[in-house]
Structures are given as structure tokens and as C-alpha cells.
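Please look over the sequence and the structure shown here before reading the report. The text then goes from the overall build of the chain to two of its residues.

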Amino acid sequence: MKSILENARRCFICNRKEVLQKHHIIGGPRRTMSEKNGLWVYLCPTCHARLHNDPTELRNLRKICETKWLSLNNNDLDKWMRLVGTNYLDLIPSRPKEIKNNERSCS
Ligand SMILES: [Zn+2]
Ligand SMILES: [Zn+2]
């Protein structure tokens, strides 16, 4: 499936188009799942290498991806958890309390 995060074939971070690699948002054993569900982006080799050396950026990209996926899937967090197994949005330490409370009361 094509990426849910971008339509154009260009680096997700710096927009370069020359040389592109596919980065799967959820790697390891869930890489195939990631591919099938469009949880990947194109990256240039520079941004790709930098991303894999930066745990914070990797997590940020997962958050962006989860947010996007949820918006495309009626905020079905249970489905996301079955698919991915981790709720990255819950890992935001600086998340304002009122937003969390709102979400709790909606679910
Ligand atoms: Zn780039
Ligand atoms: Zn990668």
C-alpha cells in the first residue's frame, strides 16, 4: 500500500527527490505490517541515516504516523494496538493534562 503520510515521491523530512529509500515507521518483525498498511515514508539517504541515529526523531515520526493513521481510521485505537502493539501517543511526557482528560472522557 502507498504511504499514508505522503503522496509525493520525495524525502519526508527535507523534500529532496534525487535518491530515495523507504523507511518503515514500525520496523523489525512488524515491517511487513508496516508496508501493507502504508506506515512508511520516503527518505533521502542523509535524513534516513540521521533518523536511525536519533531515537527522539524516530519516536516523533511514529507519533506523526499514529496520529495520521487514527485520523484515517475513526480514532480506532484498539485496531491500532492490534496492528502495532504500542500507543506512541501515550508516551508524550509533556502532553497537556486537559487534552488527555478530554480523550479519556470521549472513549
Ligand atoms: Zn532528506
Ligand atoms: Zn529506516
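The report below describes a predicted model, beginning with the chain as a whole and ending with two asparagines.

**The chain as a whole**

Along the chain there are five helices and two strands, and, when they are read from the N terminus, these elements follow one another in the order β-α-β-α-α-α-α. The chain has 107 residues, of which 21% count as buried. Among the contacts in the chain with a separation of 6 or more, 57% are accounted for by residues that lie 24 or more positions apart.

**Two residues with positive phi**

Asn-15 has a phi near 70°, which is a positive value in a residue other than glycine, and its place is in the segment before strand 1, the strand that covers residues 21–24. Asn-75, which is not a glycine either, has a positive phi of about 55°, and this residue is found in the loop between helix 3 (55–72) and helix 4 (77–84).

The surroundings of the two residues can be described by counting C-beta atoms. Asn-15 is exposed because 11 other C-beta atoms lie within 10 Å, and a residue counts as exposed if that number is 12 or fewer. Asn-75, with 15 other C-beta atoms within 10 Å, is partly exposed, since this class lies between the limit for exposed residues and the 20 or more that a buried residue needs.

| Residue | Phi | Other C-beta atoms within 10 Å |
|---|---|---|
| Asn-15 | near 70° | 11 C-beta atoms, exposed |
| Asn-75 | about 55° | 15 C-beta atoms, partly exposed |

Key. Residues numbered from 1 in each chain as written. Chains lettered and ligands numbered in written order. Predicted model: local features only at pLDDT ≥ 70, side-chain atom pairs only at ≥ 80, totals over all residues. Helix = DSSP H or I, 4+ residues; strand = E, 2+ residues; numbered from the N terminus. Contact = placed C-beta atoms within 7 Å.
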